[in-house]
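This report describes one chain of an assembly and then two places where chains meet. Please look over the sequence and the structure before reading on.

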Amino acid sequence: MSGAYDIIVLGGDPNGLAASARLARAGRRVLVLERRDALGGATTSEELFPGFHFNTGWPDAGLLDAALVNKLDLASHGLDFSDIPVAAYALDSGITLWRDVLRTASELHEHSIPDAQAFVGYAQEAAQYAAILQRMARLEPPGLAHRPLRLLARWAGVALAARRLGPRGLMDFLRVLPMSAQHYLERHFQSEALKGVLAAASVSELMQGPRAAGTSFKLVYGQLAGDSGGYRSAQRVKGGLAALNRALASAAKGAGGDIRTGAQVQRILIENYRVAGVELAGGERIAARAILSTTSPEQTLLDWAGGPQLQPRDVRRLRNIKYQGSTATVHLALSGLPAFEAREEQLSGDIVLCPSPDYAERAYDAAKYGQLSAEPILIARIPSLLDSSLAPTGQHAMSVTVRYAPYQLRDGDWDQKRETLGDLVVKTLERYAPGLGQLVLHRKVITPLDYERDYGLPEGSFTHGQMGLDQLLTMRPIAGFAGYRAPIDGLYLGGDGAHPGGGVSGLPGYNAAGQLLREVR
Amino acid sequence: MPIPTAFHSRAAALCQTQEWRDWSGYLSAISYQPSHEFEYYAVRNAAGLIDVSPLYKYEISGPDASRLVDRIITRDVSQCAVGQVLYTPWCDENGKVIDDGTVTRLEAQRFRITAADPSLRWFQDSGFGLDTEVRDVSRELAALAIQGPSSRAVLQACLKEIDLDRLPYYHAAEAKLGEIPLTVTRTGYTGDLGYELWIAAEHAEMVWDRLMEAGAGYGLQPVGLAALDMLRVEAGLLLIDVDYSSVRSAHIESQTSSPYELGLGWAVDLEGADFVGKRALLGEKERGAPRSFVGLRVPWADLERLFGAMDLPPQVAGRASRSALPLYVGRRHVGQATSMLFSPILKEYIALATVDSRYARRGQTLEIEITVEYKRQRANATVSKLPFYNPPWKKAVVGG
Amino acid sequence: MANNYDAIIVGGGHNGLVNAAYLARAGWKVLVLEQRHVLGGAAVTEEVFPGFKFSVFSYVVSLLRPEIIRDLKLVKHGLTILPLESTITPLPDGDYIYRGADPHETFRNLSRFSTRDAEAYREYGHAMYHMAKAVKYILGIRPPDPTSLHPRELLQLLKLGRHFLSIGEEHLYTLVKLMTMSSADFLEEWFETDPLVATLSASGIIGTFLGPRSPGSAYVLLHHYMGEIDGVFRAWGFARGGTGAISESIANSARAFGAEIRTEARVAKLLTNNGRATGIVLENGDEYRADVVVSSLDPKLTFLKLADPDELPRELVEDILGFDTYGSSGKVNLALDSLPELAALPGGGAHMRGAISISPSVDYIERAYDQAKYGQFSEKPYIDIIFPSMIDPSMAPPGQHVMSCFVQYAPYQLATGDWDGQREAFGDAVVNTLAEYFPSIKERILHRQVLSPWDIERSIGLSGGNIFQGELSLSQLFFLRPAPGWTQYRTPIEGYYQCGSAVHPGGGITGAPGRLAALQILKDGKR
């Protein structure tokens, strides 16, 4: 075995790349291994059809952490964002949520005067909550058996920051997070249409309806990176998400890190309860003193480390992680802009079909019994509107996120239902954009099964495990192993399955690298 | 309501006392005869037949079967040849004992494990990532122990095809009783010469009948749980829920035990393959176990003195007692005796006990609480070697 | 001054009575005012049809705190709790799941479906015992205010933190899961047999507007495991004479300590002077004076009807308006001419003396919930059945029986029509569902009483018909119950207290809020 590296990072996605950049900058000899030929995993853009570029998995780098971007100086490595004036445009009602909250409020007057008045307060409150969650996201969660003073002091800092909400505000914060989004939204708004758009954001990547406790946490979490317009933070990388990976890779390499793509890991080598390196599919072995994996806990521990290396208790915990992917995406190469009843500017953000919380709930009802929702929540994005490099001139690349498309179908499987889903989406959108079908030059449907097989998402779960209240903080990725540690010494979990979770924040990897640096000398 | 075992029709016909106990949900005779002492002496002097079917039984097979067994038990399976039997505890992740039982290696990759408590889920979950099948054969497999100095002769009379003289202690053989196939293991829970037979439940009654027939001339008697309990105390054998609590049923930390604390350090192999709990036990081995499992002898003179003061002869339980008694050194509580017995054959008051390791040296004198006419008194108790009773014929191989 | 008291308790439900008994025991002059002709609130026994007595609303007991039984000498005052030992869940294919007093028998029964589950059931019971033990501490304490920096609150918070750490890592994780998961998800971590998961998860939906897959329902599951009879956790029982007998025994105890109890006395308003409680006025205009007034009613009535909302902080009024008291359950009480046969297990064995649960699959309950979400009662509801007359034969004429059916879901707000129009249709749905499991049930029915959330609200005054006086959701528990800042039995009006199920530790026949409020009142002292 060669001994050229201190640390191997498994996974060339933004988490893995951010981790390797941090590790390399700290002077460690780091190697990133990525299974696919391209970097990014499910956070990437691909030229699916000649001239048309799509963000094939995550729709944007919504929660990318600004502090991380600064520390790694990603701007100097070519990272740049498009300005999106719109957070969301609601099909059906035509409500537009601008990034400028005041503008939203003034337009809402047409729909509901009380809601217009309530909106600014709601958006401010959500932003305050999101700011607290963001501080939490940058810390590793304390374990119950492992809670060093240094860490407790930092969490006490978060608690003090939360106190600035005032006693009443703090109480509300504690009360709101475990609430259902529906209940939370009903406290603020009357308009079903407005509640519907926000409800759609509250269930992103979740296999739960907006009546589920904890969906208000998800609504706030989606605004972690700020500038959310009360809806969700969205940062659209110029040139597609592949550009984000290029910037991160450049930062890592600039600090001396190595990156290998097309490297399929066979297993993690373990000696005396401690990692010793990895073995690749071809039999090549690479030694390392520590491993940081950003793939799912399941793949890392159950497949690569292997059941016999784990305690039965930990195997049970790992197998109990709820992944339950329920997101499918339909990518459409269009010969022109769809004829939505809206100004072009309004279409630059999320185009949302979710007329009411009950609509979302009914869509979920079907998924609960293993069926594709007949009337799904759709969120369409046309990044080519703001970034002409993504599609040939005059043509457009539109990606439609479909919820709920449950990974586990009761009748049939996704290989049979893939095109049914594509047809359903085009047909549903045609009600709002007549003639859409004729504009479609090419179509690619990516189901949860495809996300698992081709993008390494366990059960197609974008967040490597549901972000329900039971799988957060100390419970993430599994109880007993918070703080990015794994049940094997020298192994760290820095994927979206770890705290704070999914959303292309880069923080799980970045935080895990910090933990590793403290613990592995 | 407990249900009958595969031998119930025979046991019920012989059980004069109608004294039954619920053993893992099965009806088990406590004592067949008005005095269980006859049954006890049958095993020590002749032979006894004991229905041990309520034990839980599992079969582990498949390409990785030996790896799984190695992962479960604290002993090293590579040291166990086909046809050999191991007695072993198994532990949870923290090195605390879950249960104990025997492992019989039937084939290179096929094992049978007995357990006191249901264990399918634990065995299966310990094997994640291994190619094995774990099957619960508790109900399909009846089990019958034949124990005592004459047991070999009785059994040999029924099993024509194998030579029991050549079956060493803790070994197994496949045999046929007439047309009935069975496994015979030279194991038992009495500390005497003895065998256990593992038979498909549908043949159980016929096996019982043939053994009773063959044993008539040897003094073979059916033996109930009361006598068995005495025999196993003399043999220094642990009983779950009496001498120790499984970590699964313990309510507090102090109710759990490591193998070292149960005197099973000899059954922990830290050199061999990794097993569940090994990492914790490596640490405990280094530190030393805080408690030890020991035998105690209470001098008869002490009992005579205590009871004599009340003008009574010493009163000792005729059966093994399972009510734990506290142990002291001076004013310090140092442990508890968990099984007590006046041994008919040793003519001594003996006990199995868990004590603070500082007071576990052989010859150490402790005090045990004895109740005389409703008053708590203390008698001396001396730490002594286990087993109390260990006849040379237990392990002897006649022919070899 | 005959109309002067040390304390007046509004509402003669079990919590009001417990509160009164504790105050009277401390030597206070106490008056209890109950609007109905019977005491007990939701814990009443009434002879609804001649010869047939029903625990009209709540029907089983386990949660009644043992310290209350001891302190108030309830046994001396007539309380007898008979064990309710088994649960049988009949399945549509004619099979059944039986869980009874003999662990080996339960093991064998569950083994028919899955040996793994039969084994897991023991470990699950063990884990839940630890959970109940961990939570018992919380049931007995006053919730601290996490937003306060007062040393007293910080100390209390610290104690709470230490308690949680003391229960051990493994158990703490289980507790976190119980606080956050859905009951079905939580149970699926243990069991693979769907009907077993379903029937266990049903405890997670009782009294709430949640489905077995709704996060938060695992907490309700835990809430139902907190019961303790004779020091044994999670044992359920049936009070001889019905749940009204519990109320009667508490009332007898209160009277023996000197409390005065009046029925058919409907309180109209709280009287105050300068932000202090001074007494109450009845609807008939009678006034009674006391420096301490305790409301055992739900928070909507306590704060918005009895008290004048204008005298309260705006935030509290908003919180109470937003407090979720949406009822979701109904009750069908049947008088039967003889015992019906359970098709899955005919005959009158032990299983007929326990609970019979119509909860054949998780989907079944979930679909029942789906209908309710959009404002319909469940056509195929979850039903928790007991035959009180099998446990206590005095509940019905000899040979005849009473059948108590707790039914979910019956949403308070119907999308079309109202409960006065749909009550009997709901009753029919219940009986039709019963008929699938008790084929002869229809011929056996002599009388039928159907109670919708409206009826519960109207007859015993529970707002929304919510049997816990407010949803047991994470946002309405502990220091948030019923409203932040007002969890400690006091209210902004000096001398005015709350002691109902809407205050920590919540609903069920626990008596705990009544007791804890009394302790707080006694600590605050007479003025």
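Which residue in β2(B) does B:Arg21 stand opposite? The residue is B:Ser28. The model in which this pair is found is a predicted one.

**The first hairpin of the report**

The setting of that pair is a pairing of two strands of chain B. Strand β1 of chain B covers residues 19-23, and strand β2 of chain B covers residues 26-31. The two strands run antiparallel and are joined by five bridges. In the hairpin that they form, two residues lie between the strands. B:Ser24 in this hairpin has a positive phi, near 50°.

**Chain B as a whole**

β1(B) and β2(B) belong to a chain with nine helices and 19 strands. The C-alpha trace of chain B spans about 65 × 50 × 45 Å along its principal axes. Chain B has 400 residues, and a compact globule with that number of residues would have a radius of gyration near 21 Å; the value for chain B is 21 Å, so the two agree. Of the 400 residues in chain B, 48% are buried. Among contacts in chain B with a separation of 6 or more, 68% are between residues 24 or more positions apart.

**Where chain C touches chain B**

Chain C is in contact with chain B through twelve residues of chain C and eleven residues of chain B. On the chain C side, the elements that give two or more residues are α3 (103-111) and α4 (115-139) of chain C. The most comes from α4(C), which gives seven residues. The residues on this side of chain C are three nonpolar, three polar and six charged.

**Where chain A touches chain C**

The contact between chain A and chain C takes 28 residues from chain A and 28 residues from chain C. On the chain A side, α6 (166-176) and α13 (357-368) of chain A each supply at least two residues. α6(A) gives the most to this side, with six residues. The residues on the chain A side divide into 14 nonpolar, four polar and ten charged.

The table sets out the makeup of the two sides described above.

| Side | Nonpolar | Polar | Charged |
|---|---|---|---|
| Chain C, touching chain B | three residues | three residues | six residues |
| Chain A, touching chain C | 14 residues | four residues | ten residues |

How values were computed: Residues are numbered from 1 along each chain as its sequence is written. Chains are lettered from A and ligands numbered from 1 in the order in which they are written. This is a predicted model: local features need pLDDT of at least 70, side-chain atom pairs count only at pLDDT 80 or more; totals for chains, interfaces and linings use all residues. Helices (H or I, at least four residues) and strands (E, at least two) are DSSP runs, numbered from the N terminus. The radius of gyration is taken over C-alpha atoms; the globule rule is 2.2 Å times the number of residues to the power 0.38. A residue is buried if 20 or more other C-beta atoms lie within 10 Å of its own, exposed if 12 or fewer, and partly exposed in between; C-beta atoms are placed from the backbone. Two residues are in contact if their C-beta atoms, placed from the backbone, lie within 7 Å. Ala, Val, Leu, Ile, Met, Phe, Trp, Tyr, Cys and Pro count as nonpolar, Asp, Glu, Lys and Arg as charged, and the others, Gly among them, as polar. Two strands pair if DSSP finds at least two bridges between them.
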